[in-house]
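Before reading on, please take a moment to look over the model shown here. The paragraphs that follow turn to its charged pairs and then to its contacts with DNA.

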2 protein chains.
Amino acid sequence: MPSSFGQSGIDMLIRKLGSIANLSDEERQAIERLPVRINHLDARQDIVRDGDMPSHCCLILDGWACRYKLLSQGKRQILSFHIAGDIPDLQSLHVHTMDYSLATMKRATVAFIPRENLKELSARFPNLAALLWRDTLVDAATFRAWMTGMGRRTAYERIAHLFCEMYLKLQAAGLAGDYRCPMPLTQTDLADALGLTSVHVNRVLQEMRGHALITLRRHTLVIEAWHDLLQASEFDPTYLHLEKRAAA
Amino acid sequence: MPSSFGQSGIDMLIRKLGSIANLSDEERQAIERLPVRINHLDARQDIVRDGDMPSHCCLILDGWACRYKLLSQGKRQILSFHIAGDIPDLQSLHVHTMDYSLATMKRATVAFIPRENLKELSARFPNLAALLWRDTLVDAATFRAWMTGMGRRTAYERIAHLFCEMYLKLQAAGLAGDYRCPMPLTQTDLADALGLTSVHVNRVLQEMRGHALITLRRHTLVIEAWHDLLQASEFDPTYLHLEKRAAA
DNA sequence: GAATTAAGCTGCCGTAGATCAGTTTTTAGC
DNA sequence: GCTAAAAACTGATCTACGGCAGCTTAATTC
């Protein structure tokens, strides 16, 4: 079970960037030498809040986090999920006011990196800056995929699509394989991410189990019929841009 | 009527970047000297298609464009609208396969800029690279706002929210003012952007007219009650990040 | 300025998913 | 291993919005 990767430090970020383009030793070292303050957080803790102007960026080392937005009457929209190697508030490098909140989904380890040091890093290593920029672009592509789902897909298709996406992201991070991955989200979390209610998510999940598409128990998702799941959601992985870049 | 701005060239881009940080003469000149191929396009023409690997980026000089995604059975999701000064496929600087299509909404003038020249520009002027990166981050913030709407807002709120957003974007570009702006979108376009049907958009628009919130006729939107429109949509302009940056 | 087409509008009925109000099962803490 | 709380699940009912089909008005074209 691939769950003991780079919990010790910043290597999940290096792994992620390195999966796109080859890093020089100098670049690798510069990342490793970033000053970080490491924090262990419980589940469901806010990391940064809507409206804040944080001076640090948050790198997830272990666990899951999400971006979300609160509306009136307690309505919540989850905007994205994040795993080890992600910097969900990297945008604060260039826009200073948060337009969403960031919170853990389960127990998580996060590293806070001063914004100024990240800025310096990207100034000194344009190649790294490009990789980080690229990362925010893939982020945006994922938003587009979710938007397409919420606007034009049924609940069944949306849930299937999210499972495909999360599985591939976890697999790319070395945190999943063999059509099996951690899934620490509650049905309420899924609902808030997909624009549904937890009641409806519950019914659709049962329908998916009825079709022998998935098993979902005790925070583990097993995809029993990958191909059918792809088909059910019209999933096209292009937007994840997981391919290795040819040349630097 | 503010409609005769910089149609001649690339100045809408300079205006936009210059509204965020002051540009040096050198930077301004470098932008002006970008090799461009200018094209006049009819309404509803594809500029780039889902799956393409374009060698040029597209700068809108005049008119409107949109990003969209097609699904099975002719379902269409519009992902964003673009006006003069936008480069809706700037992302192809760093990820090479398009995961959506780009099309004009009405007659438009666009400039095609070779990707390589834009890459060069951003390598030579890190300050410009940062501004372009920032632009893609605001883009992502807009996706988040739309997602929040599609997931958790009613049709009425969503339409009101879009009107607020487009008015402010057009105003910032000098293309609107006095609570009046061009709105070349059909009700079907609005529906495809907001995850609704044109029939429902029609009914909601009438409701909004009934509440004396807006006038929408002959491709012109007049916001009759700005404050009520803001309130109806719980609109918070933070995500547009229109403020000028303090220091470079 | 007649013809054609696209966009806007209406009414009726259907349904995916919401809402409410629980009960049962699982998980986590001591 | 017991307890408390959270999550999962169920059934009944409701509604915002969709689907369809036809009609009207406005915009283009020649």
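A salt bridge is counted here when a side-chain nitrogen of Lys or Arg lies within 4 Å of a carboxyl oxygen of Asp or Glu. In this predicted model, a search of the whole structure finds 24 salt bridges over all chains.

One of them pairs D135(A) with K16(A), whose closest N and O atoms are 3.3 Å apart. Because D135(A) lies in helix α4 of chain A and K16(A) in helix α1 of chain A, the pair ties together parts that are 119 residues apart in sequence. D135(A) is partly exposed, with a relative accessible area of 22%, and K16(A) is partly exposed at 23%.

Another salt bridge joins D189(A) and R76(A), with the closest N and O atoms 2.9 Å apart. D189(A) belongs to helix α6 and R76(A) to strand β5 of chain A, so this pair ties together parts 113 residues apart in sequence. Both D189(A) and R76(A) are buried, and they are linked with R44(A), D192(A) and R152(B) in a network of salt bridges.

Turning to the DNA, 17 residues surround strand C, and Q187(B), Q206(B) and R209(B) are among the closest. Of the atoms of DNA strand C within 4 Å of the protein, 74% belong to sugar or phosphate, while the rest belong to bases. A polar side-chain atom of N202(B) lies 3.1 Å from a phosphate oxygen of DNA strand C, whereas one of R203(B) lies 3.2 Å from a base nitrogen of that strand. The largest share of the surface near DNA strand C, 5 residues, comes from α7(B).

Conventions:
Residues are numbered from 1 along each chain as its sequence is written. Chains are lettered from A and ligands numbered from 1 in the order in which they are written. This is a predicted model: local features need pLDDT of at least 70, side-chain atom pairs count only at pLDDT 80 or more; totals for chains, interfaces and linings use all residues. Side-chain values use heavy atoms; hydrogens and water are left out. A residue is near a molecule or strand if one of its heavy atoms lies within 4 Å of it. A polar contact is a pair of N or O atoms within 3.5 Å; within protein, one must be able to donate a hydrogen and the other to accept it, and residues adjacent in sequence count only if both atoms are side-chain atoms. Helices (H or I, at least four residues) and strands (E, at least two) are DSSP runs, numbered from the N terminus. Buried means under 20% relative accessible area, exposed over 50%, partly exposed in between (1.4 Å probe, protein chains only).
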